[in-house]
Amino acid sequence: MSELQHKYDQLKETLAEMKRVVVAFSGGVDSTLLLKVALDTLGADNVLAVTTDSETYPSRELKDAKRIAIELGAPHKVVYTSELAIPGYVENTQNRCYFCKKNLFEELLPYINDSVEGYDHLVFGLIADDMSEHRPGVKAAREYGVRGPLQEVGLFKPEIRELGKQLGISNWDKPSFACLSSRIAYGETITLKNISKVDQAEDYLLSIGFRQVRVRTHNSIARIEVEPNEMTHLLEMGTEITNQLRKIGYEFVTMDLSGYKSGSMNRVLERGGSHELV
């Protein structure tokens, strides 16, 4: 038996023990795999996918989540929230994700406590990779008893993609995504205006063919991250991209020579430095 098969079997066993689950479903590959295996293991009558829609969740992502839920045959609800109204969130401290996840779990836990719905557990797409990064949301999950079955059985991102491919989920190779607030440098107030700038800029870059994109925002500076194999193309289109992002509201447009990296804003936390780009 391969190690991946062993982890897959463990995942099914873990979910089987949970009996009835609510899956916090973003539409990304992690939560999609979790939802798929939950449906296969427990049946659609015992699984509910819930997606929260807010200012920091692009409409293209919500549309994709709805499509995937239909593909999988999952009961699916969308809950509308305002992350900008969460106390402590807009100040954009290093614990921003704690406040976000705390609010998310508070929105979804009533489905567990509802005697009519009768679900037993709330689960989300935490993976093994996340345990080595700055993830304040994990603290909120522990406080509320929310579980991450993918992480519990030790599944890492490459394994999740491979397993998703084997199970036939359509987004097994979908680029990673995080909420738009993660693009704003720590310490800068999160506003609807700067979130909208990020959303427009990334939507534009995706529309012209870039696959994995982050527009990290440092006040008036856009620091673009793409995969190394797309850097040459980014430079070739530099004038056009700069003009478009200036129209959106950025004064300066740069490319990060390190390329795309999930959670790159956390580097300043790891070295204990300032959040400012100088």
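Start with β2 and β3: the two strands run parallel and are joined by five bridges. Helices (H or I, at least four residues) and strands (E, at least two) are DSSP runs, numbered from the N terminus. Strands count as paired if DSSP finds at least two bridges between them.

This is a predicted model: local features need pLDDT of at least 70, side-chain atom pairs count only at pLDDT 80 or more, and totals for chains, interfaces and linings use all residues. Residues are numbered from 1 along each chain as its sequence is written, and side-chain values use heavy atoms, without hydrogens and water.

Select Thr-51. Opposite stands Val-78 in β3.

Now show the whole open sheet. Four strands pair in parallel, in the order β3-β2-β1-β4. Go to β3 (76-80) and β4 (121-123) at the edges: each has a single partner strand, so one side of each lacks a neighbour in the sheet. Neighbouring strands are turned by 25° against each other on average, direction ignored.

Add α4 (residues 96-108). The helix lies across β1, β2, β3 and β4, at about 135° to β2. Axes are lines fitted to C-alpha atoms, for helices over the stretch in contact (heavy atoms within 4.5 Å); angles run from 0 to 180 degrees between N-to-C directions.

Next, select Val-47. Among its contacts are Val-21, Leu-35, Pro-75 and Tyr-119, not counting residues up to four places away in sequence.

Val-47 leads into the largest nonpolar core, of 32 residues, where Val-21, Leu-35, Val-47 and Leu-150 have the most contacts. Such a core is a set of buried (under 20% relative accessible area, 1.4 Å probe, protein chains only) Ala, Val, Leu, Ile, Met, Phe, Trp, Tyr and Cys residues joined through side-chain atoms within 4.5 Å. Colour α2: this helix gives the most, eight residues.

Finish at the second, separate core. Its 26 residues include Ile-195, Val-226, Leu-245 and Tyr-250.

How values were computed. Buried means under 20% relative accessible area, exposed over 50%, partly exposed in between (1.4 Å probe, protein chains only).
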